[in-house]
Amino acid sequence: MDEALKDNILGALENVIDPELGIDIINMGLVYNVALDDNGLCTVTMTLTTMGCPLAGHIEADVRRALSDIPEIKDIDVNIVWDPPWGKDKMTRYAKIALGIPD
């Protein structure tokens, strides 16, 4: 996948907002990787802030919706992982400022 397409995918994922925190999943550091195979399958490897997050289905649906308008993507696999575990250190400076977390 070329860098422009990867940037487009990551940009689309910035529209997916964690409903509990009000910050997008990119700035929260929840997305670990995006990949697109030759058949148009986009795999988003991501985590959530906590195991058993009650909004996991909602976030996954939002990821699918955000990527559905990218023509190169024919199918979407959201792979939720727990290793490495998410921590505040994965958040961008923007997210930390928005949530009042000291750097």
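Is Cys42 buried or exposed? Cys42 is buried, with a relative accessible area of 0%. That's one small detail of a predicted model, so here's a quick tour of the rest, based on computed values. The protein has three helices and three strands, and walking along the sequence you meet them in the pattern α-β-β-α-β-α.

**Overall build**

- The radius of gyration is 13 Å, close to the 13 Å that the globule rule gives for 103 residues, so the protein is as compact as a globular protein of that length.
- If you lay the C-alpha trace along its principal axes, it spans about 40 × 30 × 20 Å.
- Of the 103 residues in the protein, 38% are buried.
- Take the contacts with a separation of 6 or more: 61% of them link residues 24 or more positions apart.

**The sheet**

- The three strands make an open sheet in the order S1-S2-S3, and the pairing is mixed.
- S1 and S3 are the edge strands, each pairing on one side only.
- On average, neighbouring strands of this sheet are turned by 15° against each other, direction ignored.
- Helix H1 packs on the sheet, where it touches S1 and S2; the direction of H1 makes about 130° with that of S1.
- As a bit of background, strands of a sheet pair through backbone hydrogen bonds, either parallel or antiparallel.

**How the strands pair up**

- S1 and S2 run antiparallel and are joined by five bridges.
- Two of the matches here are Val31 with Met46 in S2 and Ala35 with Thr43 in S2.
- S1 and S2 also form a hairpin, with four residues between them. Look for Gly40 in the turn, which has a positive phi of about 90°.
- S2 and S3, on the other hand, pair in the parallel sense, over six bridges.
- On that side of S2, Val44 stands opposite Val78 in S3, while Thr45 has Asn79 in S3 as its bridge partner.

**The nonpolar core**

- In soluble globular proteins, nonpolar side chains tend to be buried together.
- Here, the largest nonpolar core has 28 residues. Those with the most contacts inside it are Ile9, Leu13, Ile25, Val44, Met46, Val63 and Leu67.
- At least two residues of this core come from each of these elements: helix H1 (3-13), strand S1 (31-36), strand S2 (41-46), helix H2 (56-67) and strand S3 (75-80).
- Met46 is a good residue to click on: leaving aside residues up to four places away in sequence, Met46 touches Ile25, Leu30, Val31, Tyr32, Ile59, Val63, Val78, Asn79, Ile80 and Val81.
- Val31, one of those contacts, is also the residue that has Met46 as its bridge partner.

**The cysteines**

- How many disulfides does the structure hold? The count is zero.
- Cys53 is buried, with a relative accessible area of 9%, and Cys42 is buried too, at 0%.

**Two charged residues to look at**

- Where does Lys96 lie? Lys96 lies in helix H3, which covers residues 93-99.
- Lys96 counts as buried because its relative accessible area is 13%, and the cut-off for buried is under 20%.
- Apart from residues up to four places away in sequence, Lys96 touches Lys88, Asp89, Met91, Ile101 and Asp103.
- Glu3 lies in helix H1. Glu3 counts as exposed because its relative accessible area is 52%, and exposed means over 50%.
- Glu3 and Asn33 are 30 residues apart in sequence, and their C-alpha atoms are 13 Å apart in space.

Terms used: Residues are numbered from 1 along each chain as its sequence is written. This is a predicted model: local features need pLDDT of at least 70, side-chain atom pairs count only at pLDDT 80 or more; totals for chains, interfaces and linings use all residues. Side-chain values use heavy atoms; hydrogens and water are left out. A nonpolar core is a set of buried Ala, Val, Leu, Ile, Met, Phe, Trp, Tyr and Cys residues joined through side-chain atoms within 4.5 Å. Buried means under 20% relative accessible area, exposed over 50%, partly exposed in between (1.4 Å probe, protein chains only). Contact means heavy atoms within 4.5 Å. A disulfide is a pair of cysteine sulfur atoms within 2.5 Å. Two strands pair if DSSP finds at least two bridges between them. Axes are lines fitted to C-alpha atoms, for helices over the stretch in contact, and angles run from 0 to 180 degrees between N-to-C directions. The radius of gyration is taken over C-alpha atoms; the globule rule is 2.2 Å times the number of residues to the power 0.38.
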